[in-house]
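Thanks for coming, everyone. I'll put the structure up and walk through it. Let's start with the charged pairs.

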Amino acid sequence: MKKLIVRILIGVVVLVVIGVLAVHFLLDGAIKKGVETLGPKLVQVEVKLDSVSLSIFSGSGKVKGLVVGNPEGFKTPSAIGVGLASLAVKPGSIFSHKVVVRSVTVEAPEITVEGSLHGSNLGKILDNLKASGGGEDKPSATTKQEKAGKKLQVDEFVVTGGKVHVSFAGLAGKSATLALPEIRLKDLGTGPEGIMPAELTRQVLSAILSRSIEVSSGAVADLGKQAADLGKQAADLLGKEAGQSAADAAGKAAKGLGDLLKKSK
């Protein structure tokens, strides 16, 4: 009898362990699939995620290798790259109708602003995001499938240590790398209805894209000045007329790009 009881207990323990592992891996896979499915619908570019790990006991988790691609026609490999993001979830809420996320910290994202007088990659992605329902003047459309899914509450979302790489055609090949100021969003979905994953994604991406465009618009004027200085130097080597043409072209490009970025914000 004792042996039978021991075997039953061992069997129960094994089943519990298998069940916990199954939930763990299914949950991680669902998050990854959700990001790679929902992301492209919102921004109309490829979104890839390497891995997600979330402990159902401690509520701590990590997201690795998030990449948001570029719209067609742009040459740089991606618009946004995130090596690591950490999150803390209220463990018991994972199985409830509203998952409570205590904090999300996106560490050192790499953001690339590429463009010309015809437009920028971030401007295009921001337009796509607004068209999907992420604009301030347009309420987001919630599908029946979204309504049936889990709600979220995010107490704090922080983007820290980011860099913005600025490269525009028409500025004599000049480029710049700038620090992205810390972005901190609080109390998202704290009401009883929470916030849907799509709306949370819209708000976060909109904040990151808008701040990146704001930062890069200031850099364009400096790059234009540098390109104009190169034009003046060319005057000594190629003749006054050629140098002035290069300087004028750089100045016009800088002004046009600056105006373009201001309209995108």
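Six salt bridges are present in this structure. Keep in mind that this is a predicted model. Side chains of opposite charge can pair when their charged atoms come close.

Take aspartate 155 and arginine 102. They form a salt bridge, with 3.3 Å between the closest N and O atoms. This pair links distant parts of the chain. Aspartate 155 is in strand β7, residues 151-160, and arginine 102 is in strand β4; they are 53 residues apart. Is arginine 102 buried or exposed? Neither label fits: arginine 102 counts as partly exposed, at 40% relative accessibility.

Next, lysine 186 and glutamate 156. Their closest N and O atoms are 3.8 Å apart, and the two form a salt bridge. Again, distant parts of the chain are linked. Lysine 186 sits in strand β10 and glutamate 156 in strand β7, 30 residues apart. Lysine 186 is exposed, with a relative accessible area of 52%. Glutamate 156 is partly exposed, at 21%. The cut-off for buried is under 20%, so glutamate 156 at 21% does not count as buried.

That pair belongs to a network. Which residues are linked in it? Glu156, Glu182, Arg184 and Lys186 are linked by salt bridges.

Now a local one. Glutamate 199 and arginine 202 meet through their side chains in a salt bridge, 3.5 Å from N to O. Both lie in helix α4, three residues apart, which is about one turn of the helix. Arginine 202 counts as buried, at 5% relative accessibility.

On to the overall build. The chain has five helices and ten strands. It runs to 265 residues, and 39% of them count as buried. Its accessible surface is about 14800 Å². Carbon and sulfur atoms account for 60% of that surface. Now look at contacts with a separation of 6 or more. Of these, 67% are between residues 24 or more positions apart.

Next, the core. In soluble globular proteins, nonpolar side chains tend to be buried together. Here, the largest nonpolar core has 44 residues. Which of them touch the most other members? Val43 and Ile80 do. Helix α4, residues 197-238, gives the most to this core, with seven residues.

Stay with isoleucine 80. Set aside its neighbours within four places in sequence. Isoleucine 80 then contacts Leu66, Val67 and Val68, along with Glu110 and Ile111. Leu205, Ile208 and Leu209 are also in contact with isoleucine 80. Valine 68 is its partner across the strands: valine 68 stands opposite isoleucine 80 in β3.

That brings us to the strands. β2 and strand β3, residues 80-89, run antiparallel and are joined by eight bridges. Strand β2, residues 60-68, also pairs with strand β1, residues 47-54. That pairing is antiparallel too, over seven bridges. In it, serine 53 stands opposite lysine 62 in β2. The hairpin of β1 and β2 has five residues between the strands. Glycine 59 takes a positive phi there, near 85°.

A positive phi is worth a stop. Most residues other than glycine have a negative phi. Where does alanine 108 lie? Alanine 108 is in the loop between β4, residues 98-107, and β5, residues 110-116. Its phi is positive, about 50°, although it is not a glycine. Alanine 108 is partly exposed, with a relative accessible area of 41%. Aspartate 187 is another case, with a positive phi of about 55°. Aspartate 187 is in strand β10, residues 183-188.

Last, confidence. The chain averages a pLDDT of 75, and 62% of the residues score at least 70. Which element of the chain has the lowest mean pLDDT, and which the highest? Helix α5, residues 240-264, has the lowest, at 48, and β10 has the highest, at 96. Over residues 14-26, the pLDDT is below 50. That stretch has five contacts in the model beyond near neighbours in sequence. Residues 226-247 also stay under 50. For them, the model has 16 contacts beyond four places in sequence.

That's my tour. Over to you.

Terms used
Residues are numbered from 1 along each chain as its sequence is written. This is a predicted model: local features need pLDDT of at least 70, side-chain atom pairs count only at pLDDT 80 or more; totals for chains, interfaces and linings use all residues. Side-chain values use heavy atoms; hydrogens and water are left out. Helices (H or I, at least four residues) and strands (E, at least two) are DSSP runs, numbered from the N terminus. Buried means under 20% relative accessible area, exposed over 50%, partly exposed in between (1.4 Å probe, protein chains only). Contact means heavy atoms within 4.5 Å. Accessible areas come from the Shrake-Rupley method with a 1.4 Å probe; for residues, only the protein chains shown count as cover. A nonpolar core is a set of buried Ala, Val, Leu, Ile, Met, Phe, Trp, Tyr and Cys residues joined through side-chain atoms within 4.5 Å. Two strands pair if DSSP finds at least two bridges between them. pLDDT is the predictor's confidence in each residue, from 0 to 100. A salt bridge is a side-chain nitrogen of Lys or Arg within 4 Å of a carboxyl oxygen of Asp or Glu.
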